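Student: Got a minute to go through a fold with me? Load it up and I'll ask as we go.

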Amino acid sequence: MKLSEILKGINVKNNYDDCEISNVTQDSRTVAQGCLFVCIKGNTFDGHTAARDAIQKGAAAVLVEKDIGVKNQIITDDTRAVYSAVCANFFNNPADKLKLVGITGTNGKTTTTFLIKQILECAGKKTGLIGTVQNMVGSEVYPAKFTTPDPYELQKLFSLMVKAGCEYCVMEVSSQALAQGRVNGLTFDVAAFSNLTQDHLDYHKTFENYFEAKRILFKNCKKAVTNADDPHGLKIVSNLPCSVVTYAVNTNDADFVAKNVKFKATGVEYDLVCDYIGRVHCPIPGRFSVYNSLCAAAVAVTLGIDFGTVLDAVSKSSGVKGRIEVVPTPGTDYTVIIDYAHSPDGLENIITSLREIAKGRVVTVFGCGGDRDKTKRPKMGKIAAELSDFCVVTSDNPRSENPTAIINDILAGMKGVSTPYVVVENRKEAIRWAMEHARKDDIILLAGKGHETYQILPTGTIHFDEREAVAEILQDLNKNKE
C-alpha cells in the first residue's frame, strides 16, 4: 500500500517521499524491509531512539513527533494518538464494515461479551469477539494476549472478521486501551457499562483517572447501555450526545429491570421487564450473573434483536472458561470452582454468590498479583476473611516481587477477623492443602487465575493450569487411599 494512503486523514507537518509500504509496526523488534515504523514514546522506551536503527534494518519510512534527522521521516503531533488510524488505513478500515459493540467496566466484561455473542448468533448474525479469554472470528479461535489488543492486532482481527462475513464484533474495552488510544477512531453502535470499583490504579494512579478512561468509550458510541444500580452508571454517560438505555435490579426506574430474582446452584432466574416481559433462565450461578445477563439482554434488544430470541439464547448460554467454572472432581463430596476474581469487588461478588448456594463451607484459595496496585491486597484479605469460612493464602502472579511480601500485605487486612486461615506460598500446594482438608459439601474457590494457564514468578513464566493441578492432586489423593 502507498504511504500516502496509510497517512490519509493524519495531520502531517512536512513533505515526504511517497512509497510502497509492506507493513506497519510500533515494535522496533519487528521492523522489516519496506515497513512504516511508528515511533511512540512509552513509559520505559521511546521508539524515537530506535528510528535510525529501523531505517538501517530496511524501514521505508518512520512516523515521528519531531525532526530526528533521518531520511523519509513523517512528522505529526502525537504518534500514539494516530497509530490506530494508521493501522486502520493499512487494513482498509475494516471496522467501517462491522457493527461494533463495546463493553467496559471493572467486572463482568468477559461473560457479558460471550452472552451477547451467543444471543447475536442465535439470531443468525455471524459475530466476532475480542476479549480477555480469547478472540474469535465466528467459531474460529485466536489467542488473546491483552483484553483489548494493540491497534495493529485489533485492525487485523477486524479485517479477518470482514473477510469471514461477520456482521458484528463484540469486544471488551479496557481502561488501559482507552487511555492509550488503542480504539481511537472507532465508533461503537452500542457501548455498555457494567460497574466500576477499584482496579488498575498501578496504571491510572487515581480512581478519577480510571473513571475518565472508561468514559472515553461513551464519547465514541451511538447508543449507551448502562447499569443504573452502580453509583457511576449515570455519571459515565452524563452530558454526552449518545442515547442512553439503563438496566437495574434494585430500582424500577430503568429501561430494563430484573424482578423476582431467584438464585439456584444451577443458575439464576428473574422476570425481565422492559417494553416486554419474559422469564430469564441463565444457567450461570451468582448474583452478578443477573447483571451480566441483564446487560447482555439490554444490548441485544437495543441492537434490534427479537425479545424471544434473547430469552432463548440466554437460557442456552454455556458460560466462560475461568468464570465460576466447576472443575470435575469425580468421587469427591466437595466442589472446586475456578474464578478470575482478582479485585476487591470481584472477590466479594464471587464469594457472596457462592454463599447463596453453598451447603457447606466456602474455602477461598487466593493471592494477589505482583507489580500491581498494592492497596488492593489488604482489602482483598479483609473481604476473603470476612466472607469465607476458611482461607488459604497463596501466590497469584508475583511477577518481579517477593511472594512472601505480597502475602504479608494480604495478611495485614485479615487482622482482627476471626476466620481461620493458613499460608501456603506455592499455589499448587495451596490447592492440594484445600483439597486434602475439604469437608462434605464444601465449595473450594480458586480465585484470581481464571482462564490463565501460566504463572508469572520472579524467576520467569511457568505453565500452570489449575484444572490440570486439580486433576493431578485428585489422582495423587486417590492413589494414597489405595
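Tutor: We'll take the sheet, then the helices on it, then two helix pairs.

Tutor: Keep in mind that this is a predicted model.

Student: Okay, the sheet. How many strands, and in what order?

Tutor: The sheet has 11 strands and is open. The order runs S8-S7-S6-S9-S5-S10-S11-S12-S13-S14-S15. Pairing is mixed.

Student: Which strands sit at the edges?

Tutor: Strand S8 (140-143) and strand S15 (277-282). Each of them pairs on one side only.

Student: And what's the average twist?

Tutor: From one strand to the next, it averages 20°.

Student: Zoom in on S6 and S7. Parallel or antiparallel?

Tutor: Antiparallel, over two bridges. S6 covers residues 127-130 and S7 covers residues 134-137.

Student: What's the bridge partner of Gly 128 in S7?

Tutor: Val 137.

Student: Now helices on the sheet. Which strands does H4 touch?

Tutor: Helix H4 (residues 109-122) touches strand S5 (99-104), S6, S7 and strand S9 (168-172). The direction of H4 makes about 170° with that of S9.

Student: And H9, which strands does that one touch?

Tutor: Helix H9 (residues 287-302) packs on the sheet too. H9 touches S5, strand S10 (188-193), strand S11 (221-227), strand S12 (243-248), strand S13 (256-264), strand S14 (267-273) and S15. Relative to S13, the direction of H9 makes about 145°.

Student: Switching to helix pairs. What are the numbers for H3 and H5?

Tutor: For H3 (residues 79-90) and H5 (residues 151-163), the axes come within 9 Å. They cross at roughly 35°. The crossing is right-handed.

Student: Which residues meet there?

Tutor: From H3, Tyr 83, Ser 84, Cys 87, Ala 88 and Phe 90. From H5, Pro 151, Tyr 152 and Gln 155.

Student: How does that H3 and H5 contact split by class?

Tutor: Six nonpolar, two polar and no charged residues.

Student: Next pair, H12 and H13. What's the crossing angle?

Tutor: Roughly 55°. The axes of H12 (residues 376-387) and H13 (residues 403-412) come within 6 Å.

Student: Why call H12 oblique to H13?

Tutor: Because the crossing is at roughly 55°, H12 counts as oblique to H13. That angle lies outside the roughly parallel range, under 35 degrees, and the roughly perpendicular one, 65 to 115.

Student: Left-handed or right-handed?

Tutor: H12 passes H13 in a right-handed crossing.

Student: Which residues make the contact?

Tutor: H12 brings Arg 377, Pro 378 and Gly 381. H13 brings Ile 406, Asp 409 and Ile 410. By class, the contact of H12 with H13 has three nonpolar, one polar and two charged residues.

Conventions. Residues numbered from 1 in each chain as written. Predicted model: local features only at pLDDT ≥ 70, side-chain atom pairs only at ≥ 80, totals over all residues. Heavy atoms only, no water. Axes fitted to C-alpha atoms, helices over the stretch in contact; angles between N-to-C directions. Helix = DSSP H or I, 4+ residues; strand = E, 2+ residues; numbered from the N terminus. Left-handed = near helix turned anticlockwise from the far one by under 90°. Contact = heavy atoms within 4.5 Å. Nonpolar A, V, L, I, M, F, W, Y, C, P; charged D, E, K, R; others polar. Pairing = 2+ DSSP bridges. Parallel < 35°, antiparallel > 145°, perpendicular 65-115°, else oblique.
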